[in-house]
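Student: Before we look at this entry, I would like each label justified by its definition. Can we go through them in turn?

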Protein chains: 2
Amino acid sequence: MTGRICVLCGGVGAARMLRALVRVIDPAHINAVVNTGDDTVMHGLHISPDIDTVIYTVADANDPDRGWGLVDETWRAADALGRYEPMRPAGSTAGATWFGLGDADLATHLYRTGRLAEGARLTTVTDEIRRAWGVGVTVLPMSDEPAPTEVTLGGNHAGERIAFQDYFVRLRHAVPVAQVHLGATAVATTPEVCRAIDTADLVIIAPSNPMVSIGPVMATSGIRERLEQRRDTVVAVSPLIGGAALKGPAADMMRDAGHRSDAVGVATMYAPFAATLVIDTVDAALADQVDDAGCRPVVTDTVMANPEVAASLARTCLEVGRRSG
Amino acid sequence: MTGRICVLCGGVGAARMLRALVRVIDPAHINAVVNTGDDTVMHGLHISPDIDTVIYTVADANDPDRGWGLVDETWRAADALGRYEPMRPAGSTAGATWFGLGDADLATHLYRTGRLAEGARLTTVTDEIRRAWGVGVTVLPMSDEPAPTEVTLGGNHAGERIAFQDYFVRLRHAVPVAQVHLGATAVATTPEVCRAIDTADLVIIAPSNPMVSIGPVMATSGIRERLEQRRDTVVAVSPLIGGAALKGPAADMMRDAGHRSDAVGVATMYAPFAATLVIDTVDAALADQVDDAGCRPVVTDTVMANPEVAASLARTCLEVGRRSG
């Protein structure tokens, strides 16, 4: 009975949500619009971390312990790269080994880079890659254009402006962020994303970092206004549970940016374009404040620790959407 | 007693010659000028096949059976790339798996590509790579500029013009070549190569393919004229033995181009810039014709089947050079 749905996605949290959704409804009815603000070029290769996490996870090929990359991965290329790192001159970052490049994962970057060099759109290449993995969900980059997220650091690094992966992986997001700069503000989304939103009966905002995962998607020209116009059928899932993210720096980043670092803070950010916010049972006491912030609260288990909870969360989102529509 | 030497190099044959030379004289006195006409960009990565063969071989890290790449190599990335090959549209060559990319070898391409993207010269990057491998020989690309060798095919492929690696690896050089196009004719060599030739007491032309290995080096502006001016102290080693190359299509290519496909043909090509040609004992009967073609013949074992023969060949070249100088 459920029609088409469109899911706005970051990395791990969104990927788990999608994996649950494909077990509840036909994947052919799902479009995933994925953050590309984390995309980077390393060693000449175009890397799309969130797209890969989504595809690998829906394909059940992700490494569940590491949280990124492929299961049963090997690291010969990365190990061999270590030979060159000491040879590079001061100021060079070539051969850097802090960004994990598994051998099998490398193939994805090689293929993507080769196709982009031929002039293919990232949307086209992404579709080829998800089909190669037998993924039935349509996976759409938020834009075909580069839209790098950067951060200006605080603390001991005050004033330093670096690329997102530099902060997130190299510095292990252990440094305060003074400001987030979204390259997405300068780019437009694609016809495919517009169509995915316009034809969806329900839009789900996955439990991803509001600042640097959902933030770039919403900042991409053409997306936010589409959601605002249909906010009654937009359901978001709070990535903050008991004032913390399951993974990553979302809570710290929101606090550093002057937001409340809990479900109420998420509601305040999302209220203009999402009528409903699904919050975790541990945050049941925040329901009234979420309501006051402008989102109708729906309370349920949101920690997708096992397939049953994940499926239940997916069903809840679909039911909420059905009631709204 | 031997001063500085400069060796003009292609791939495997030259690499074996260099490995023998470093056992006979101080590697710090050897400059290797290497063909980059085979260089290619695959999957966004800059690949320099002859440079890598030379460095890996002198480092004793090459695979002796395969003839290219690293020993004890693994192929996870290449195998994983196979997943994508069927997904690419007609006309695309992305994700092609015919060019062997070992996992450890990939690290070399990743580092080189990253450094070139930072604006480093190929000469600089090559020096970093050879030092990372503990190679004492200075390895110099013939040029910092792209100088792609292409071939126009004959036979069933008549008229098709393709990149060298396409012909050499993908088509396994099993197709007649109607014409060789040297991108090197449009580029200049480097100050480092000029200095290496100018300061050498002896120049050795390694036993490499005269058409597509030594040909590009000699076609690079600044090299041929330097050798012509000092041809008395230029010693070449014939890559053709009994009218055939130990490896590769040299004999067929020379025949297709209208040359004799034997040591006499090599002498005719090299006489303007090499006073001496070392030929194999099986070609002793050709010595007079080599002389008539313009090169003083030196007859010895040239098949470097074991370290002793290789060292003996290296010593012969050095002695010939000493007598000439």
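The exchange below covers a sheet, a contact between chains and a symmetry relation.

Tutor: Keep in mind that this is a predicted model.

Student: How do you know that β6 and β7 of chain A are paired?

Tutor: Pairing requires at least two bridges between two strands. Strand β6(A), residues 149–153, and β7(A) have three bridges in the antiparallel sense, so they meet the criterion. Within β7(A), R161(A) is the residue opposite T152(A).

Student: What makes β7 and β8 of chain A edge strands?

Tutor: The open sheet runs β7-β6-β8 in chain A, with antiparallel pairing. Because β7 (161–163) and β8 (177–182) each have a single partner strand, one side of each lacks a neighbour in the sheet. From one strand to the next, the twist averages 25°.

Student: What makes a residue count as part of the contact between the chains?

Tutor: Its C-beta atom, placed from the backbone, must lie within 7 Å of the C-beta atom of a residue it touches. Chain A contributes 30 residues to the contact and chain B 30 residues. On the side of chain A that touches chain B, α3 (76–81), α4 (103–117) and α5 (122–132) each supply at least two residues. The most come from α4(A), with 10 residues. By class, that side has 15 nonpolar, seven polar and eight charged residues.

Student: Why is the relation between the chains called a two-fold axis?

Tutor: Chain A superposes on chain B by a rotation of 180° with 0.0 Å of shift along its axis, at RMSD 0.0 Å. That is therefore the relation of a two-fold axis. The same surface serves both copies, since 100% of the contact residues of chain A recur in chain B.

Conventions. Residues numbered from 1 in each chain as written. Chains lettered and ligands numbered in written order. Predicted model: local features only at pLDDT ≥ 70, side-chain atom pairs only at ≥ 80, totals over all residues. Helix = DSSP H or I, 4+ residues; strand = E, 2+ residues; numbered from the N terminus. Axes fitted to C-alpha atoms, helices over the stretch in contact; angles between N-to-C directions. Contact = placed C-beta atoms within 7 Å. Nonpolar A, V, L, I, M, F, W, Y, C, P; charged D, E, K, R; others polar. Least-squares fit on C-alpha atoms with pLDDT ≥ 70 in both.
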